[in-house]
Amino acid sequence: MKYLHTLFGILLIPTVLFTSACNNSSSFTSSSSAASESSAVGYAFTGITEYGVEPDTIDPDLGSLVLITDPDLKAVLNYDQSKTMEVQQAELQVVDQNNQVVGSETVNVWIRSTENPAIELITPEGPVSAADFSIQNCVHAAMKRADQTVSLEWISSQDLVSGKAGFVLYDLNTGLPINPGTPWLDGDYSLSVLVSDGSGLTVQAQPLAFTIAG
């Protein structure tokens with residue numbers, strides 16, 4: 001009886017090994033099939049959703065956003081080239097030879113500036129009255145794009161850090177930013193101007209000094 005048990009065990013081993021091999025083979029086939037299906041799509045989004053593009057670029061390189069492996073597919077990014085002062089949401093599409101969309105996702109696009117903003121400072125010749133004083137009449141900043149000059153609006157220092165276009169005044173005595181809407185008091189002022197073109201670039205102008213007398 002003991003001999004029969006041993007013989008049965010020996011006969012059972014090949015059966016177990018064969019069954020295990022079949023299961024592993026099935027698993028490998030399933031995995032290979034899934035990989036084939038994935039590669040058959042012909043493209044893969046990289047997961048990057050922030051994209052900067054140079055002004056007036058007609059055919060931007062979108063390789064950082066989507067990988068194309070099928071020669072019959074191409075990537076298209078639909079964005080507004082006139083929006084140079086803000087981040088815009090654009091649709092990144094993968095299209096076939098018939099311009100049919102086979103895949104898409106949303107990307108945040110900003111148009112980079114090729115030059116720093118131009119700053120013009122106008123220093124008052126003498127003391128000015130707080131009632132008549134406007135900082136906008138003393139500081140002018142603009143970003144030039146082609147032949148067009150785009151004015152920069154007043155923003156907060158936090159907006160400037162985040163890369164939005166604009167400029168901020170800093171009090172050289174305290175190192176604190178000045179809100180243009182804050183009432184001006186009598187005294188001597190010495191300010192610095194920090195400017196951003198919206199692409200993270202900043203430039204600091206020469207100090208602006210003036211006196212406000214009631």
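pLDDT is the predictor's confidence in each residue, from 0 to 100. Keep that scale in mind, as the structure above is a predicted model.

## Exercise 1: How far to trust the model

**Task.** Find the average pLDDT of the protein, and find which stretch has a pLDDT below 50.

**Solution.**

Step 1. Begin with the whole protein: its average pLDDT is 76, and 76% of the residues reach at least 70.

Step 2. Now turn to the start of the chain. Residues 1–39 have a pLDDT below 50, and this stretch makes one contact in the model beyond near neighbours in sequence.

Step 3. Draw the lesson: where pLDDT is low, predicted coordinates should not be read in detail. For residues 1–39, with pLDDT below 50, that caution applies.

## Exercise 2: An overview of the fold

**Task.** How many helices and strands does the protein have, and what share of its residues is buried?

**Solution.**

Step 1. Going through the secondary structure gives two helices and 14 strands.

Step 2. The protein has 214 residues, of which 29% are buried.

Step 3. Look also at how contacts span the sequence. Taking contacts between residues at least 6 apart, 50% of them link residues at least 24 apart.

## Exercise 3: Building a four-stranded sheet

**Task.** Work out the strand order of the open sheet that contains E5, and say which strands lie at its edges.

**Solution.**

Step 1. Write down the order: E2-E6-E5-E4, an open sheet of four strands with mixed pairing.

Step 2. Pick out the edges. Strand E2 (50–53) and strand E4 (74–78) each pair on one side only, which makes them the edge strands.

Step 3. Add the twist: on average, neighbouring strands of this sheet are turned by 40° against each other, direction ignored.

Step 4. Go through the pairs. E2 runs parallel to strand E6 (residues 101–111), joined by four bridges. E5 and E6 are antiparallel, with eight bridges, and E4 and E5 are also antiparallel, with five bridges.

Step 5. Place some residues on this frame. Asn108 in E6 stands opposite Glu50, and Asn108 is also the bridge partner of Gln89. On the other side of E5, Val94 is the bridge partner of Ala75.

Step 6. Follow the chain from E5 into E6: the two form a hairpin with five residues between them, and Asn99 in the turn has a positive phi of about 60°.

## Exercise 4: Gln93 and Val76

**Task.** Is Gln93 buried or exposed, and which side chain does the side chain of Gln93 make a polar contact with?

**Solution.**

Step 1. Locate the residue: Gln93 sits in strand E5 (residues 88–95).

Step 2. Check its accessibility. The relative accessible area of Gln93 is 14%, so this residue is buried, the cut-off being under 20%.

Step 3. Widen the view to the strand. Six of the eight residues of E5 are buried, so E5 is largely enclosed by the rest of the structure.

Step 4. Find the partner: the side chains of Gln93 and Asn78 make a polar contact at 3.4 Å. Beyond four places in sequence, the residues in contact with Gln93 include Lys74, Val76, Val101 and Ser104.

Step 5. Contrast this with Val76 in strand E4. Val76 is partly exposed, with a relative accessible area of 26%. Beyond four places in sequence, Val76 touches Leu62, Glu91, Leu92, Gln93 and Val95.

## Exercise 5: Two nonpolar cores

**Task.** Which residues of the largest nonpolar core touch the most other members, and which strand gives the most to this core?

**Solution.**

Step 1. Start from a general tendency: in soluble globular proteins, nonpolar side chains tend to be buried together.

Step 2. Name the hubs. This core has 21 residues, and Ile135, Val139, Trp184, Val193 and Phe210 touch the most other members.

Step 3. List the elements giving two or more residues: E8, strand E10 (165–171), strand E12 (187–197) and strand E14 (208–212). E12 gives the most, with four residues.

Step 4. Zoom in on one hub. Leaving aside neighbours within four places in sequence, Phe210 is in contact with residues including Phe133, Ile135, Trp184 and Leu191.

Step 5. Look for another cluster: a second, separate core has 15 residues, among them Tyr43, Val53, Ala90 and Val107.

Key: Residues are numbered from 1 along each chain as its sequence is written. This is a predicted model: local features need pLDDT of at least 70, side-chain atom pairs count only at pLDDT 80 or more; totals for chains, interfaces and linings use all residues. Side-chain values use heavy atoms; hydrogens and water are left out. Buried means under 20% relative accessible area, exposed over 50%, partly exposed in between (1.4 Å probe, protein chains only). A polar contact is a pair of N or O atoms within 3.5 Å; within protein, one must be able to donate a hydrogen and the other to accept it, and residues adjacent in sequence count only if both atoms are side-chain atoms. Contact means heavy atoms within 4.5 Å. Two strands pair if DSSP finds at least two bridges between them. Axes are lines fitted to C-alpha atoms, for helices over the stretch in contact, and angles run from 0 to 180 degrees between N-to-C directions. A nonpolar core is a set of buried Ala, Val, Leu, Ile, Met, Phe, Trp, Tyr and Cys residues joined through side-chain atoms within 4.5 Å.
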